[in-house]
Structure formats: C-alpha cells, structure tokens
Amino acid sequence: MRSSRALIAGALALLQTGVAFAQSPTLSSPSPALQSQGTGGAMSLPQLLPGSEMTNRAGTTTEAEAGATVAGPLTEPHRQPGPSRAVFGASLFARNAPSASDTSNPSYRLGPGDRVSVRVWGGVEAEVMGQVDPEGNLFLPSVGPLKLAGVRAGDLQRTVEGELRRIYTQQVQVYAVLLSAAQIGVYVTGFVKLPGRHMGSASDTVLDFLLRGGGVDPVRGSYRDIVVQRGNQVVQRLDLYPFLLQGRMPSLTLQHGDTIVVGKQGSVVSADGAIRNNYLFEVAGRTMTGSELMELSAPLPAATNAVIRGTRNGQPWSRYVNTTELRRQALQDQDVVTFITDAPAPTVRVFVEGSRLGPSVLVADRDTTLCQLLDYVAVDPGLADTRSVFLLRQRLAAQQRRSINEALDRLERQLFTATSSTTGVSQIRASEAQLVSSYIQRGRRIQPEGRLVVADDQGRCTNIRLEDGDTIVIPERTETVLVGGEVTTPQAVVWRPNMTIDDYVNSAGGYTQRGTSSDIMIRRASGQIILDPREGPRPGDELIALPRLEIKGLQLTADILQLIYQSALSARVFTNN
C-alpha cells in the first residue's frame with residue numbers, strides 16, 4: 001500500500017498541475033426545455049425567468065421539499081420584504097392641487113353664476129355673453145329667457161338649439177358654449193393635511209377640493225369615510241375604494257358653502273408576500289374578512305398559505321392557514337398577513353452541458369433518476385463520451401467547501417500549537433510553518449464544484465435521484481491522453497490501444513528527477529481517480545506522475561492528508577490571487 005508520504009506528494013502534484021485549475025462552469029441562457037414525465041412533451045418554463053429575492057423561513061429544508069418561500073411578482077423583482085408602509089389610495093393625492101379651470105367637464109350641470117356665451121344668426125340675429133341669473137335663466141335679446149340651470153355642459157348647444165327651434169321655424173344657426181363655471185368656496189376639514197376654506201370652480205369634484213386640502217392624511221384619515229355636508233344635512237357619503245378599483249364615483253355638484261369632512265382612519269390590515277398589491281388596506285367596518293383582503297391584495301398563483309400576525313385581547317396572536325381557510329378568517333386592526341408558497345415543487349430543473357444535441361434544460365418529476373433522464377438527452381455517439389458522464393451538484397459543493405474549511409482550521413490550530421524540544425527543531429518547524437501557512441492561504445481560495453462521479457469503469461449509469469439545480473455534464477469524446485506531473489515535457493499524447501503507462505511517459509520525455517514509476521495516478525474524464533493503475537489510460541484520461549518527497553523531520557498528520565485530497569480530487573481551484 002502506498003505510504004502517507006507518497007499520497008501527500010501525489011495530492012500536492014495535483015494542486016500544482018493545471019488539469020483542474022479552471023473556474024466553475026457558468027450556465028448560459030437556457031434554451032426551450034423538455035418536460036420529462038415519461039412522454040417528453042415540450043412546455044414553457046416560467047421557473048427559468050430571472051429570479052427574485054426569496055426569503056426562507058427559519059429551519060433547514062429537506063431534499064424533497066423547497067420549504068416555505070416568499071416571492072414577489074415578476075414585475076416587481078426588487079420589492080422589499082416585510083409589511084407594507086404604503087396605504088392603499090395614498091398615491092391619489094401625491095400630485096399638486098389643481099388650479100381653478102375656466103373650462104368644465106361635459107358632465108357638469110349649469111347653475112347660477114356660470115358665464116355662458118350664445119350667438120344666433122340666420123333668421124334672427126342675437127348675441128349675449130352673461131351669467132346665469134339666480135332663477136337659472138339666461139336672457140337672450142329677441143328671444144327671451146332661456147332656462148339653463150341643471151343643463152349639462154355637454155348638452156348646452158343642443159338645449160339652446162331646441163329652445164330656438166320652438167320659436168323660429170326658419171333656418172337659425174346657434175353657437176353656445178360655457179365660458180366658465182361660478183367660483184365657489186368649500187370647507188375641507190377632518191383628517192386632512194391642510195384643513196380650511198378653499199376656492200375653486202363649481203365644476204370641480206370632491207377629489208379636486210381634497211387635493212387643495214392636502215389630501216387625506218394617510219396616517220390618521222380615512223379613505224372610506226368621507227362626508228359632504230350642505231347646511232346641517234349630509235348630502236353624500238363617499239368611499240374612494242370603488243373609484244380606485246373600478247373607477248366608480250358618485251355624481252355630485254358642489255355648492256358654495258359646502259363642507260367636506262374626512263373621518264378618522266378605520267382598522268388597517270397589511271398584506272405582503274406573494275401578492276400583487278402590497279399595501280395597507282383600510283377596513284370599512286371593525287373587521288375585514290380574509291376573502292375581502294384577497295380581493296384587494298390579488299395573491300399570486302403560487303400563494304398557498306398565509307401567516308397572520310396581530311393582537312388579540314392585548315396579547316400577541318398569530319395563525320398559519322391555507323388560502324381557503326384565510327377566506328373565512330376575521331381580520332382586525334393592525335393585522336399583518338403574509339402570503340407565502342409552502343408546497344413542495346412537483347418537478348426538478350436539471351441543466352445539461354457538454355456534448356449534446358437536445359435542449360440545455362430538462363424538467364422532470366421529483367423522483368426521476370439520472371438513468372431515466374439520460375434517455376431524454378440526445379447525443380451524437382461519435383462525439384459524446386457517454387462513459388464519462390458526471391454530475392455537478394450545488395449542495396455537494398457546499399458540503400465540500402465546509403469540509404475543506406474545517407480541515408484548514410484544524411491544520412491551522414495544529415500549526416500554532418505545536419511545541420519544539422530543541423532550538424534546531426524550532427527553526428525547522430518555523431520554516432515549515434511558513435510553507436504550510438502559504439498552503440492554507442491557497443486552500444482558502446478553493447471553490448469546490450460539487451462533482452459527483454456517476455459512471456463506473458464500464459460506463460454504466462448510477463441510478464441516483466436528481467436534485468433541483470443539478471448539472472449533467474457529458475464530456476466531448478477525444479482520442480488523446482494528457483500526460484502531466486513529474487515528466488520532462490507535459491503534453492497530450494494520441495491514444496493507442498497497445499500503449500502502456502511507460503509508453504505514454506516516454507512520449508512525454510520520461511520522468512524528472514522527482515518522478516518515479518511507482519507513483520502514477522489516472523484521472524478519468526468523469527473525475528474518477530485511479531491510484532496504482534494496472535492498465536493504461538483510456539481516451540480522454542489524464543496520466544499524472546506524482547512527485548517523490550524526501551523524508552523530513554516534520555510528519556504531517558492525517559488532517560492535512562484529508563485536506564489535500566479534498567482540495568485536489570473534488571474541487572477546482574482559482575489560480576488568481
């Protein structure tokens with residue numbers, strides 16, 4: 001059996017060669033994928049769209065389930081997680097207050113004080129520019145008073161024509177237009193930012209006067225309890241939610257001296273997580289049903305459950321329910337409802353790299369094995385080395401990284417806690433400590449690739465279950481053998497069936513002074529390591545002559561041996577500093 005010294009030397013040789021010194025592969029943009037569920041039908045993959053930030057719940061998920069996640073809509077990838085701070089409807093008053101306009105909307109109904117222009121020609125000539133009198137009439141010379149109060153601004157032309165046609169039978173042409181509505185003063189009070197009396201046009205709406213009053217106070221005011229008073233009577237109650245959601249607004253013409261009162265804010269419920277409308281919603285009454293909240297917040301299709309947090313009887317209170325149960329739940333003031341996805345994905349997404357003919361992404365059932373999935377990967381037998389297929393797994397790369405760090409920590413502790421019996425031994429240990437420290441720094445830069453060898457010596461597939469994010473690599477077929485390590489001229493040598501290990505080494509110029517025929521290693525294209533090989537390499541293999549170390553006083557422990565093998569055999573190393 002090979003000595004520890006020889007094994008260490010071999011591993012160090014691997015670190016020094018350029019065989020495995022490439023960076024980890026980068027996944028390119030995937031092509032249209034194949035839905036692998038036994039039939040192989042094509043489908044689109046929304047999972048392949050740019051990912052958004054995901055917040056996992058506390059705890060470690062198993063391999064078979066993704067755990068509870070919170071993901072916002074694709075149209076808002078940078079949404080901050082957590083309860084919303086924006087009140088639904090607050091953006092309605094984010095603009096500046098409108099100035100009184102000389103033009104009115106077509107739905108405005110004329111009243112006393114409005115300025116109107118009427119011109120008549122043809123059978124009779126008449127023109128007047130004046131105000132509608134307190135009786136609601138406008139006097140037109142040669143015609144008489146025209147009743148205009150209550151007429152819509154958009155119907156003014158037709159109304160005046162109709163009145164003249166009743167008096168004059170001959171051809172008469174009419175042009176009538178509302179010049180300006182009367183100026184009125186309206187009181188805006190309650191929970192608004194700028195309460196007081198505000199001037200405007202009689203054609204202005206309640207929203208216009210609310211804007212002049214600074215809008216509803218989003219912290220204290222209500223968007224669902226707004227009252228218009230005339231004298232001591234309530235003439236209209238307004239709820240802005242139907243306007244915000246469906247554009248429905250009651251038709252109301254304000255009069256001089258009216259008062260708009262904004263009530264105090266009602267109960268507020270926050271909705272966040274997997275929803276489209278991330279807002280604080282006001283409750284019309286004391287409680288809101290979960291069904292009403294879902295209508296307002298518009299949960300995403302992926303939302304399966306909800307976490308409800310709030311206060312009941314002065315004590316913290318929470319519930320974890322599915323969306324069906326949420327519809328029947330009564331929500332109260334200051335409740336926070338977080339919509340999440342808490343269902344294991346029924347499929348896994350697997351990437352394919354290397355020599356392939358089909359798509360670069362496959363989606364399969366979660367219990368699909370590697371051997372089953374490979375049946376759906378089309379390759380050119382003349383180009384693909386199907387005996388050397390290997391797997392790159394993210395979870396395995398993380399485990400390798402953790403194991404390497406632990407071994408480096410142990411080695412570092414042993415380096416600084418070692419004692420020396422004599423001054424000479426101390427000097428030897430100090431010089432060797434510098435070398436080991438340099439190696440530790442290099443080891444910190446190791447980026448494991450998570451390679452998993454899935455083919456045996458005969459090229460048969462291992463029936464291993466696939467995980468989401470796995471990358472299947474199919475190496476390109478080659479007819480060369482890379483000879484490296486302690487040889488005079490490291491190079492690629494054309495493979496021939498009858499060539500032995502010595503033949504390949506001689507083709508590379510023979511061994512160096514540190515090389516020996518007893519320390520040879522073969523690294524398959526799949527990543528499999530063969531120590532003390534009994535037969536020559538196969539096409540695509542790497543033949544490495546390991547260095548022979550001289551005997552030194554300092555004996556390295558099994559920890560450094562384990563570390564070197566983890567670093568050299570299952571990781572790719574970044575060579576840049």
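## Two five-strand sheets, a covered strand and one disulfide

An open sheet of five strands runs in the order β28-β27-β31-β29-β30, and its pairing is mixed. At its edges sit β28 (491–494) and β30 (529–531), each of which pairs on one side only. Neighbouring strands here are turned by 30° against each other on average, with direction ignored; the axes are lines fitted to C-alpha atoms (for helices over the stretch in contact), and angles run from 0 to 180 degrees between N-to-C directions. Strands are DSSP runs of E with at least two residues, helices are runs of H or I with at least four residues, and both are numbered from the N terminus. Two strands pair if DSSP finds at least two bridges between them. Strand β29 (residues 515–523) and β30 pair in the antiparallel sense over three bridges, and R523 has I529 in β30 as its bridge partner.

A word on the source: this is a predicted model, where local features need pLDDT of at least 70, side-chain atom pairs count only at pLDDT 80 or more, and totals for chains, interfaces and linings use all residues. Residues are numbered from 1 along each chain as its sequence is written, and side-chain values use heavy atoms, with hydrogens and water left out.

Now for the chain as a whole. The chain has 11 helices and 32 strands. Of its 577 residues, 42% count as buried, where buried means under 20% relative accessible area, exposed over 50%, and partly exposed in between (1.4 Å probe, protein chains only). About 30,300 Å² of the chain is exposed, and carbon and sulfur atoms supply 50% of that; the areas come from the Shrake-Rupley method with a 1.4 Å probe, and for residues only the protein chains shown count as cover. Contacts (heavy atoms within 4.5 Å) often span long stretches of sequence: among those with a separation of 6 or more, 65% are between residues 24 or more positions apart.

There is another open sheet of five strands, in the order β10-β9-β13-β11-β12, and its pairing is mixed. β10 (196–201) and β12 (233–238) stand at the edges with a single partner strand each, so one side of each is left without a neighbour in the sheet. Its neighbouring strands are turned by 30° against each other on average, direction ignored. Inside the sheet, β9 (residues 183–190) and β13 (residues 259–264) run parallel and are joined by four bridges. Y187 has T259 in β13 as its bridge partner.

Next, β20. Strand β20 (residues 336–340) is mostly covered, with five of its five residues buried. V336, T338 and I340 point one way and V337 and F339 the other, and all are buried. β20 has parallel company in β14 (residues 268–273), joined to it by four bridges, with D272 standing opposite T338. It also pairs with β17 (residues 305–312), this time in the antiparallel sense over five bridges, and R309 has V336 as its bridge partner.

Here are the strand pairs, side by side.

| Strands | Sense | Bridges |
|---|---|---|
| β14 and β20 | parallel | four |
| β17 and β20 | antiparallel | five |
| β9 and β13 | parallel | four |
| β29 and β30 | antiparallel | three |

What about P73? P73 lies in the loop between β3 (69–70) and β4 (115–122), and P73 is buried, with a relative accessible area of 6%. Leaving aside neighbours within four places in sequence, P73 is in contact with R79, I275, R276 and L300. P73 and R276 are 203 residues apart along the chain, yet their C-alpha atoms are separated by 6.2 Å.

On to a helix. Helix α8 (residues 394–417) has 24 residues and reaches 35 Å from its first C-alpha to its last, close to the 34 Å expected at 1.5 Å a residue; the expected span is 1.5 Å times one less than the number of residues. Its buried residues are L396, A397, Q400, R401, I404, A407, L408 and L411. An α-helix has 3.6 residues a turn, so residues three or four places apart point the same way.

Finally, the disulfide. Counting cysteine sulfur atoms within 2.5 Å as a disulfide, the count comes to one. C371 and C461 form it, with their sulfur atoms 2.3 Å apart. The torsion about their S-S bond is about -110°, so the disulfide is left-handed. The pair links distant parts of the chain, 90 residues apart: C371 is in helix α7 (residues 370–374), and C461 is in the loop between β25 (451–453) and β26 (471–474). C371 is partly exposed, with a relative accessible area of 23%, and C461 is partly exposed too, at 32%.
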